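Welcome! Let's take a friendly look at a protein model, with an eye on its empty space and on how some of its strands pair up.

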Amino acid sequence: MHRRLIAPGALAAASLMLAIPASAASFSPGAPGIGDPYYPAYGNGGYDVSHYDLRLQYQPSTDELAGTATILARTTQDLSSFDLDFLLDVSEVRVNGVKASFASSGQHELVVTPKTPLAKGTAVTVVVRYSGVPSSKSAYGFNAWHRTPDGAVAADEPEAAWWWFPSNDHPLDKATYDVSVAVPDGTQVISNGLLQSTSSRLGWTRYNWRENKPQATYLATLAVGKFDITTSTSEGGVPIVNAYSKDLGDNDGAARASVERTGELVDWLSGYFGPYPFASAGGYVPNTTTGYALETQTRVYYSPRQFANGANTSVVVHELAHQWYGDSVSLKGWKDIWINEGFARYAQWLWSEHEGEGTAQELADYVYASHPADDAFWTVEPGDPGPDNQFDIAVYDRGALAVQALRNAVGDDTFFAILKGWPREHAYGNASVADFEAYAEQVSGKSLGSLFDAWLFQPSKPAAAAVKAAAVKAAAVAPVQPKSWKKIEATNDVR
Ligand SMILES: [Zn+2]
């Protein structure tokens with residue numbers, strides 16, 4: 001009876017479909033990007049990774065890295081082929097045990113074509129054998145593999161994985177990790193999570209690290225070199241693992257005086273953000289010449305330059321705040337960078353408040369008054385800064401100003417409930433600026449659209465009067481520099 005309603009053309013098409021196996025018609029290549037408007041080629045479509053098992057060997061003297069990545073994933077569409085993001089030289093790829101064909105494409109794509117197409121919802125094990133000299137590979141003229149006098153470091157944002165393991169390189173696809181790397185005896189390997197074991201054989205020592213909570217690819221880190229590793233447990237019960245290059249020279253004391261406070265600062269931040277989300281915390285300071293710090297999950301990367309002027313607890317607070325705001329709760333797209341940086345910078349303001357070196361309000365007033373209305377600072381919209389301004393200082397300072405504006409609009413009790421509730425609401429997941437706005441409105445029961453619009457989405461200086469409850473003092477007030485300002489300013493190149 002229903003057939004009569006179908007147009008003749010559609011009937012013909014339906015008959016044709018029957019002639020071809022229905023399955024074959026629907027298989028198509030996975031997209032070469034996951035769909036991030038800032039970085040269209042980053043990540044990939046068609047599958048979701050649950051675990052990376054990396055078994056590698058690295059020779060510091062030649063910068064040769066070789067090994068096998070075993071990737072556990074599940075297809076999210078009928079796939080004829082799929083991409084991995086990777087730069088090193090691949091010798092073999094197997095999909096569910098069967099050799100697959102593969103080819104390089106674009107700047108950093110490895111296109112894998114399995115012998116038989118993969119139906120949607122299939123569990124897939126991809127084994128990639130590879131080798132190469134990471135420092136010799138670049139994409140977009142960029143190389144995130146930083147060699148040191150005694151090893152190398154992979155830590156960068158938004159891309160770092162391409163130089164050491166094949167991946168679906170976007171925060172939307174988080175996974176757990178086993179990172180096992182053999183290095184010459186006397187050399188150490190630092191990575192995320194906890195060291196499970198080490199073993200020695202024929203002049204090589206193998207380090208087996210495990211991160212058992214979902215982790216974004218850019219937060220996976222690897223450092224090889226001669227390190228002094230310290231372990232302890234915070235008063236709140238968080239295992240702490242820190243590592244210092246034995247080659248930090250004059251910066252050694254200040255680095256340790258800062259990073260050894262990780263346990264105390266994790267416990268302090270837990271008071272604002274809720275229980276620490278991971279099985280360990282810590283940081284490492286390699287002997288690199290790159291200047292920044294990065295919130296690599298559980299094991300923060302610090303450049304020795306962060307400690308060139310003495311101890312710097314502000315940078316430690318910033319990167320540890322990211323463990324909640326950025327690592328456990330990851331952004332959905334790179335345009336959502338404010339939910340990482342606005343809050344990590346605000347944590348530095350809270351630390352200043354705690355240390356009696358200026359309240360968050362005083363810091364907000366200072367930032368607001370220091371930048372006149374025609375300052376380019378105000379043209380950057382922290383809520384959607386564009387890829388070129390993703391790490392602009394305005395994302396941090398104007399971003400933290402937006403957080404203070406929220407605090408003033410909803411009051412301290414509600415504000416701190418939001419600050420603590422958000423990491424619980426989206427633990428180990430992904431969220432956007434819009435999700436944060438919705439959450440803040442839900443918790444506060446207030447309409448906050450105009451507030452967020454003024455502070456995050458306008459290319460101009462918000463008028464203090466335009467925001468309910470004066471978020472800042474009148475612009476006519478001369479800026480008073482809080483005591484902590486220079487310390488916070490010294491962290492302006494952190495991520
Ligand atoms: Zn940051």
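Here is a short tour of a cavity and of the partners of one strand. Keep in mind that this is a predicted model. Rolling a probe the size of a water molecule over the atoms shows where empty space is left.

**The cavity**

- Counting cavities of 30 Å³ or more gives one.
- The space in the largest cavity comes to about 60 Å³.
- Three elements each give two or more residues to its lining: β3 (64–75), β4 (79–85) and β8 (123–132).
- You can find the lining residues in the structure: Y47, I71, A73, T75, L79, F82, L84, L118, V124 and V126.
- What kinds of residues make up this lining? Nine are nonpolar, one is polar and none is charged.

**Strand β2 and its partner β3**

- Strand β2 covers residues 47–59 and runs antiparallel to β3, with 12 bridges joining the two.
- One residue to look for is D53, whose bridge partner in β3 is T70.
- β2 and β3 form a hairpin with four residues between the strands.
- In this hairpin, D63 has a positive phi near 60°.

**Strand β2 and its partner β11**

- β2 also pairs with strand β11, which spans residues 175–184.
- Is this pairing parallel or antiparallel? β2 and β11 pair in the parallel sense, over seven bridges.
- D53 turns up again here, standing opposite D178 in β11.
- Putting the two pairings together, D53 has T70 as its bridge partner in β3 and stands opposite D178 in β11.

Terms used. Residues are numbered from 1 along each chain as its sequence is written. This is a predicted model: local features need pLDDT of at least 70, side-chain atom pairs count only at pLDDT 80 or more; totals for chains, interfaces and linings use all residues. Side-chain values use heavy atoms; hydrogens and water are left out. On a 1 Å grid over the protein atoms alone, a cavity is a set of points where a 1.4 Å probe fits but cannot get out, and a pocket is an open set with protein on both sides within 12 Å along at least five of seven lines; lining residues have an atom within 4 Å of a point. Grid points are joined across faces, edges and corners, and a volume is the space filled by probe spheres set on the points. Ala, Val, Leu, Ile, Met, Phe, Trp, Tyr, Cys and Pro count as nonpolar, Asp, Glu, Lys and Arg as charged, and the others, Gly among them, as polar. Two strands pair if DSSP finds at least two bridges between them.
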